[in-house]
Every structure is written in structure tokens, then in C-alpha cells.
Amino acid sequence: MITPRLSLTPSSGMMAFIMGGPFLLDLPFEARSKIYSYLGLIRSCPIDITLDLVTFDPGLSLDLGYGSGWECRHHMKIHGSCNHGRNRVQECACQELPTSLLYLHRDITAEVIDIFYSRNEFVLRAHTGVDLTCLKSMGVRALAAMTSLLVRLNSWPCPRGHASLSLDGSKCATCQKPVSACDPTLDSSDEAGQDVIQKWHEACKHMSTGITPGKLKLTFICDVANFESATNIIQALSMLPTLKECSIRLGRKNNHELQAFSRTTSALMINAVQPRTSFPFNHLPPELRLRILSFTDLVSQDVCHKNFNRLVIRNGKLLKSNAINANAMLCCSVCTNTGIDCCCPSLYAASSASCRCRIIPFELFLVSKQMYNHATEVLYSQNIFEFKQDAEETFAFLNDIPRTSLKQIRQVEFSFLVGPPVTMKACFTAKSWRRLMRFIKIHFNIPRLSFRITIDAYDTCLWNDEENEEENRYVYDMYCDIVRGLRILDGLEDVRFELDWLTDLAPFLEWEVLGERAKERLPEDPQSRPFRNFERHNRIPIWYNLKSNTSGIDEIVEAA
């Protein structure tokens, strides 16, 4: 067991409680647990383990401690969110660990150790093989009580585990540590890699003597240079007893071979190997098979971002399911207990039992023809297809999809980013839009199809509107072209416009497409509306004649 350094003495309040009142051990265990919790024995942040770091020592520097002021969970709990201001606190805001409890009574010490290791989460970031020797110093009692441990053998691009880089890529965006200080990938062919592998084997052999089977949640992160190095470092895990949960990351980038290896090892560590006999899925009724498939990642389940429930297509390609945009991938932040040591399989060669990122199981399409048909129906009918590209690219993308699958699509969203008039011809033309609508009319099931049109024009129009409102007329003309194209689709189930310029025009555009079905969306008196800041971007333009609603958008006249 790691022996805590005697940095504090029992407080006067604690001694007064023990000497003057009832003895602590005479209280019920639940009451004692509450007292330990109030004294700070159970921390909100994971506790970092280092070679010469005392487990109960909260005075960690920025290099050794997990939590800093803007990452500390206790700080976030108090203030409601992270503090990203410039005046960042450099120390963890969690309450100091009550070292005094270890020097009151032998029975209290034993109880405190059990609670400390079973109720806290521990992290070890080892940069060399020597850093792993601290695991060998832990006693059997501490190992038996431990429930959560994260071991990271190399940290990149930040020594402290952060994944975000500065704009120039030279330092960590969170703690400003230079990238040059990060650890290289593990290579079993060099001397440093062999030393790390040897020390890790020794640490696993020692931990196997104390870990309680089915109790420990282990996260192991080691970015390797090749598959041989992965095999050598993972062999040590076979010494450990059955784990409650096991997450493994072996690569900084997606690698099918390493990812399959980490997934198989994780299953073996929790004794979750698939049985040889399979469930007769094909014998179930079709309705039940479709229902079961809807609970897979073919359909978005419990997600942490609203954009995860849609399939985004950009530049003719389907973006990954946890992509907020083409250049930013988002971690679910629950794949590990730290929130910064990412083990998301969508981003790395990893396997995580707690990861909530959506990974579409395309393997289902290769099982059988029956499974292919059912998986295709669920994928196309229960997802939102968002096209963030021009109409020509969308036409080419849809043209490659089987015609039977196009009939199953129920929700489509088109997103347009409006730029200056000179660049608009490159991203939107009325001719290509009408061509796309004619294709959709032929191959889609129009009565069951819903559209959402999102147009981002605020920044461009706000700049132009400062001098002359007429300069934004081309945006209004684009709205009209979109509506004319949509009116080709007779019997469209629904259409919604999300406009950030001329916002109040949205219900009128929907009415122009749907007719009387959208009449209830129109305001009773469009001319009288409450005042809002930046009202000019909400107002109905002078080019739209409110008195000619019944004549359709082709009859719009200038009412200037």
C-alpha cells in the first residue's frame, strides 16, 4: 500500500468530536460514511498516481495533478460549467484529502483505506517504465478495494492527456504544454519500449494478487507503433482476474486491426466472449426484426449532441456520426472516467464499454440478404439525411443509392451557407435545384417525405444591410427559387424553413409550398409584431406583397 505522507495532524474539531463526544466507531457505518464524505475523503476528480506522489497529497502541481481550475469537476459542479476565462485557477478546487483520519485508530485507518480506494477513481499516466513501479507499492487491501483505474502509458499530444492543440499546433490548447514534451508511441523494438513492457508485466503480476474479480473498471491506453508492440503490451492483461469493465485504446488513429484486437481483448477481460450457438433472429416476425434493429446504432439512440441524430453528407461523402462539422470530431466525454483521455472507437483504435458515440454497424449489411433488406429499411427510414453541399453534388449522391432505398427515405434537410453574390452561383443555381426536385419527385415517396430547409445568411446580409437593403435582394430571390422547386413535389408531407435573415417570411414560404395545410402557421396580422432587437433581420421584406397571398409566389410584386 502506498503510505500517505504525514502532512496534516488531526484537526481540533476532529479531536474534540472524538474526545468529548461519542467515539467515531460507535456510530453506524452509514453515518461514518457521511462524515468521511463531508471531510473530503471522496473526491469529485480522479486522483493521479505517480512514482513519488503521496496518494493523499492534494497539493499537486500542474504537471502531476489531474484537475486544474477549469477542469475540476467540483469547480464545474459549483459554477455550473467549465471556466474558460483568462483568469484560470492553476490548482484543483477539490477539498483536500483528510490525512488526519489515518492516525486516529487502527480500525478507522482500515475503514478509511477501504472507502478511499473503493469510492474514488484513480489515474496513472506513466511516461517511462519507472513510473509504473508505484503500482507495485500498492497493498493487497488497497487493490482489493479499488473499483476504477485508468492507466495511460504514453500521452499525446499533451503530457497531461489533453487532446486539443493550439491553432499553430505547437502546444496544448488547455494547459499550454509544448507538443515536443509529449510521449512517442510504444515500439517494442527499442530499449525504452522494452523497458515499459517489462515494467507493465511486473505491475500486472502484482495487481493480480489483490484485485477482486468482477469489481475493477480498468481503462488501458497505450498508443503503439505496430501490431507486434500491441500484442506484447496486451499480454500482461491476461494475468489479471475478470474485470467488471475494460476499455482499451491502442492507436492514435483509426486502425481496423488494432481496433478489432482491442475489442476482442476487452471482451475476454470481462468474460463476455460470444457463445457458439446463435439466436435464431431470422425466425422472428419481420416487424419484430425491424424493431430490434431500430435499437442498434442504425438509428441514433442516447446521444449528447442534437446533430448526432442525423447523417450529414458533405462533398459527396457521409461524415462520421459524431461529426459536428467536416473538420471537428466530438468525443462523448463518457468513454473514460477523466473525460480527457478519449477512448472513442470512432476516433481512435479503441474499444470502450461506456462510449456513447454512434458507430453505424455496416457489418449488418454483409450478414445475409434478409438482414441487408431490414438494415437498409431501418437506416433510410429512421434517420435524417442532411445535405451540406450544392444541389449538383446532392443529385450525384442520391443517384448512386438504389431506387428501392430512396423510396424509404422519410426526412431530408438541405443546408445552404449564403455568401456574397459573386460566389452564390457556385453553391446554388435555380436550374440545378429544379433538376434535383424532379429527381426526387420520380424516385421518392412524396406523401411520406418531409423537408427542412436551413439557410445561413445572417452574417453576409447584416454586413450588406448597413448601407443598402437592396443589396440583399439576391437572398430573397434564392428563397423564391427554392420554393418554386419545392412546388413541383405535389402532396409533400411537410416542409419547414429555418431562416436567420427575413425570419418572419418562413411561414409564408411554407404556406406557398403546402397550401391550405400550412395556413394555421401564418400570423394573424404580419404588420403588427412585437419589437425585438435586430428586428430588421426578422421582418418581412418590402418585396413580398402580403395582400397577394392567395396568388402564390409567382405573383409576388414589388411593393416598395
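In this predicted model, T219 touches a handful of residues from well outside its own stretch of sequence: beyond its neighbours within four places, the contacts are L149, L150, V151, S247, T336 and C343. T219 itself belongs to strand β4, which covers residues 217-221. With a relative accessibility of 9%, T219 falls in the buried class.

Strand β4 is one of six strands in an open sheet, arranged β1-β2-β3-β4-β5-β10 with mixed pairing. The edges of this sheet are taken by β1 (47-48) and β10 (349-351), and each has a single partner strand, so one side of each has no neighbour in the sheet. Further in, β4 runs parallel to β5 (residues 245-251), and five bridges join the two. Within that pairing, I221 sits opposite R249 of β5. R249 turns up again in a charge-ring arrangement: its charged end sits over the ring of Y348, 3.9 Å from the ring centre.

Strand β4 also helps to cover helix α7. This helix takes in residues 191-207, 17 in total, and its first and last C-alpha atoms are 24 Å apart, close to the 24 Å expected at 1.5 Å a residue. Its buried residues are G193, V196, I197, K199, W200, A203, C204 and M207. The cover over them includes α5 (133-136), α6 (140-145), β3 (148-152), β4 and α8 (227-234).

A second open sheet, also of six strands, follows the order β7-β6-β11-β12-β13-β14, again with mixed pairing. Here β7 (317-318) and β14 (494-499) stand at the edges; each pairs with a single strand, so one side of each is left open within the sheet. Strand β6 is mostly covered, with four of its five residues buried. On one hand, β6 (residues 310-314) pairs with β11 (residues 384-387) in the parallel sense, over four bridges, and R310 has I384 of β11 as its bridge partner. On the other, β6 runs antiparallel to β7, with two bridges between them, and I313 stands opposite L318 of β7. The β6 and β7 strands make a hairpin with two residues in between, and N315 in the turn has a positive phi of about 55°.

Aromatic side chains come next. The count of aromatic pairs comes to 14. One of them is Y117 with F122: the ring centres lie 5.2 Å apart and the planes meet at 25°, so the pair counts as stacked. Y117 is buried, at 2% relative accessible area, and F122 is buried too, at 0%. F414 and F451 give an edge-to-face pair, because their planes are at 85°, with the ring centres 5.4 Å apart. F414 lies in β12 (residues 411-417) and F451 in β13 (residues 450-456), so this pair ties together parts that are 37 residues apart in sequence. F414 and F451 are both buried. They also belong to an aromatic cluster that is made up of F387, F397, F414, F416, W433 and F451. Another charge-ring arrangement involves R435, which lies over the face of F395 at 3.8 Å from the ring centre.

What about the cysteines? The disulfide count comes to zero. C344 shows why a bond is ruled out in its case: the closest cysteine sulfur, in C357, is 3.5 Å from the sulfur of C344, which is too far given that a disulfide needs the two sulfur atoms within 2.5 Å. C344 is buried, at 0% relative accessibility. C480 is buried as well, at 5% relative accessibility.

Taking the protein chain as a whole, there are 18 helices and 14 strands. Of its 560 residues, 49% are buried. Among contacts with a separation of 6 or more, 73% are between residues 24 or more positions apart.

How values were computed. Residues are numbered from 1 along each chain as its sequence is written. This is a predicted model: local features need pLDDT of at least 70, side-chain atom pairs count only at pLDDT 80 or more; totals for chains, interfaces and linings use all residues. Side-chain values use heavy atoms; hydrogens and water are left out. Buried means under 20% relative accessible area, exposed over 50%, partly exposed in between (1.4 Å probe, protein chains only). Contact means heavy atoms within 4.5 Å. The expected span of a helix is 1.5 Å times one less than its number of residues. Rings of Phe, Tyr and Trp (its six-membered ring) pair if their centres lie within 6.5 Å; planes under 30 degrees apart count as stacked, over 60 as edge-to-face and the rest as tilted. A charge sits over a ring if NZ of Lys or CZ of Arg is within 6 Å of the ring centre and within 35 degrees of the ring normal. Two strands pair if DSSP finds at least two bridges between them.
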